[in-house]
Amino acid sequence: MIPVKQQSGLYKLVVTHYGVAAVFFFSLPLMMLFSVKAFTGHYFHPQILAITHMAALGWGTMIIFGASYQLIPVVLETELHSKKLAWISFSLFLPGVIALVYSFWIFVPGIHMQCGAVLLLIAILLFTINVYLTGKKKEQQTIQEDFIFTACLFLFFTAALGTALVFNFTTPVFQQDQLHFLKIHAHLGIAGWFLLMIIGVSSKLVPMFLVSSYQNTRLLSFSYYTIVSAVLLFAIDSYFFGINYKTYIIAVVGVTGIMAYLLFIIKCFRSRLRKRVDIPMMSTLISFTLLTIAIVIIPFIIYYHLKSNPVSIRYSLTYGVLLLMGWVTALILGQTFKTLPFIVWIKHYEHLTGKVKTPMPADIFNTDLLKVQSAGFMLFCMTFIPGCFFVLPWLMYVGLVSLLITALAYLSNVIIVLFHKTKTYGKL
Amino acid sequence: MANFDITDHLSFLKSEIMETLRLVIDPELHINIVDLGLVYEVRIDEPEKRIDIDMTLSSSYCPMGESILSGVKNCIESHYTAYTCNVNLVWEPVWSYDNITEEGKRSLGF
């Protein structure tokens, strides 16, 4: 075995995704500031749809795509199949996100929305093919590979169903209403795509960053089969019967899988040799706490939904905010400053190591901005999420100003890292 | 961990090389590769003027692996200009946490 060498040309591809995602993240609090009223009502609202897709695609998926091109070759111990395919995917994905989000925002379900959805679907298909062909080069299959490829398949199914729903606005595709399919679309995306992808990649990276001696993958295998079963069962069951009493059992199956993964993380954390936990890893741990809170809400959503109690809408909205703006965002905010400085450091300093004194990857970003970002995000979670649940617009505004500060600090720090100039401190 | 035989006339140079290798730092952990226990053996071929270093990485998918290996070669060749350096990446014995020295563990906050 040889260590995975950074492929030439990969740098530009990866940092472009990070840069664009940071700009999209900055647009999120601005969009949300204009939509506070929408957050007090039903989640099936044009502005909420626009914000959700900006968060899920423009922010979460964009950065996961970028990080994947860097990390999948590391996790799967092989080279990326095709950079060209990755660039084509990006050049379709970017206009796709803009067209879809804009047409949701103004809510004109015509040709722009349909084109956006189709562009995204093709971009995601190309990404999935690229990941599959990358994994195929490798003989030995690992549980991480199963997580990553299954996640890509679920993303494709999410996008396919989403595209059908977009066409359903103008041409009847389904007999049932949009809301019936919305929860399937959302859970294929959240549990099928985000959860499986995050588990697949983090189960290699978290032990590595914590220098953990825990190597057992039995918990991960259990987690994989239970989560995949739960997503499939939920999609099939709710397609035929909607939310019903069986949904509790399916939720228990899925949550058991998530608990197995969290137990794996706890075991890695306990057996870590690196005792100091830095800010990015702290942000990662906060993300798991937000995921746990979101899980706790699930039985309440099912209970109130079955009672046809409108409070289920508040629970559902808070659940969505906790997952996308809480769990996924906290994870990305932390892991960006674990991965991006390394990518930039390799480009600037790999050839200089051992010759001259160089900065370390952690010296490339601004620590004060990272502290501002973390404090801003914590305040956002402590104000916007309860504000959303208890319908307190003033608390939501406080949260959104905090998120704006978070996004500004994040974007500034990403720019600092991307425009880093090589510097040395003399001979070793 | 490399061991040195004092009856070997090159043992002083070998231990000096080992000390020099402390200048190569793992970019993520901020600990030198000697205290991390990554260096297994240093051999010197005096007639050929070649230094061979057998070393490992903490994991085969280490994204910093290439940087650490080139850092070792650069470091040795810039300090011992009369020699060429050959870095052999080995996976046996498998690196474990027990390889980390007491100093390394202290640096990790243990």
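Reader: How many residues do chain A and chain B each bring to the contact?

Author: This is a predicted model, where local features need pLDDT of at least 70 and side-chain atom pairs count only at pLDDT 80 or more, while totals for chains, interfaces and linings use all residues. Residues are numbered from 1 along each chain as its sequence is written, and chains are lettered from A and ligands numbered from 1 in the order in which they are written. Two residues are in contact if their C-beta atoms, placed from the backbone, lie within 7 Å. Counted over both sides, chain A puts in 28 residues and chain B puts in 29 residues.

Reader: Which element gives the largest share of the side of chain B that touches chain A?

Author: Helices (H or I, at least four residues) and strands (E, at least two) are DSSP runs, numbered from the N terminus. On the side of chain B that touches chain A, 10 residues come from one such run, spanning residues 65-79. That makes the largest contributor helix 2 of chain B.

Reader: And how do the residues on that side of chain B divide into nonpolar, polar and charged?

Author: For the sorting, Ala, Val, Leu, Ile, Met, Phe, Trp, Tyr, Cys and Pro count as nonpolar, Asp, Glu, Lys and Arg as charged, and the others, Gly among them, as polar. The split comes out as 16 nonpolar, 10 polar and three charged.

Reader: What pattern does chain B follow along its sequence?

Author: Chain B has three helices and three strands to arrange. Reading along the sequence, they come as α-β-β-α-β-α.

Reader: Which strands of chain B stand at the edges of the sheet?

Author: The three strands make an open, mixed sheet in the order 1-2-3, where two strands pair if DSSP finds at least two bridges between them. An edge strand has a single partner, so one side of it is left without a neighbour in the sheet; in chain B that goes for strand 1 (39-45) and strand 3 (84-89).

Reader: Which residue is the bridge partner of Ile44(B) in strand 2 of chain B?

Author: Strand 1 and strand 2 (residues 50-55) of chain B run antiparallel and are joined by six bridges. Ile44(B) has its bridge partner in strand 2, namely Ile51(B).

Reader: At what angle does helix 1 of chain B run to strand 1 of chain B?

Author: Axes are lines fitted to C-alpha atoms, for helices over the stretch in contact, and angles run from 0 to 180 degrees between N-to-C directions. Helix 1 (residues 11-20) of chain B lies across strand 1 and strand 2. Its angle to strand 1 of chain B is about 135°.

Reader: Which strands of chain B does helix 2 of chain B touch?

Author: Helix 2 of chain B packs on the sheet, with its direction at about 155° to that of strand 3. The strands touched are strand 2 and strand 3 of chain B.

Reader: Is Lys49(B) buried or exposed?

Author: Lys49(B) sits in the loop between strand 1 and strand 2 of chain B, and has a positive phi of about 55° without being a glycine. A residue is buried if 20 or more other C-beta atoms lie within 10 Å of its own, exposed if 12 or fewer, and partly exposed in between, with C-beta atoms placed from the backbone. Lys49(B) has 11 such atoms within 10 Å, so it counts as exposed.

Reader: Which residue does a cis peptide bond join to Glu92(B)?

Author: The bond has an omega of about -5°. Glu92(B)'s partner is placed in the loop between strand 3 and helix 3 (102-107) of chain B. That residue is Pro93(B).

Reader: What radius of gyration does chain A have?

Author: Chain A comes to 12 helices and zero strands, and its C-alpha trace spans about 70 × 50 × 45 Å along its principal axes. The radius is taken over C-alpha atoms, and the globule rule is 2.2 Å times the number of residues to the power 0.38. For 428 residues a compact globule would come near 22 Å, which agrees with chain A's 21 Å.

Reader: What separates the C-alpha atoms of Phe107(A) and His45(A)?

Author: Phe107(A) lies in the loop between helix 3 (83-105) and helix 4 (111-136) of chain A. Phe107(A) and His45(A) are 62 residues apart along the chain, yet their C-alpha atoms are separated by 9.2 Å.
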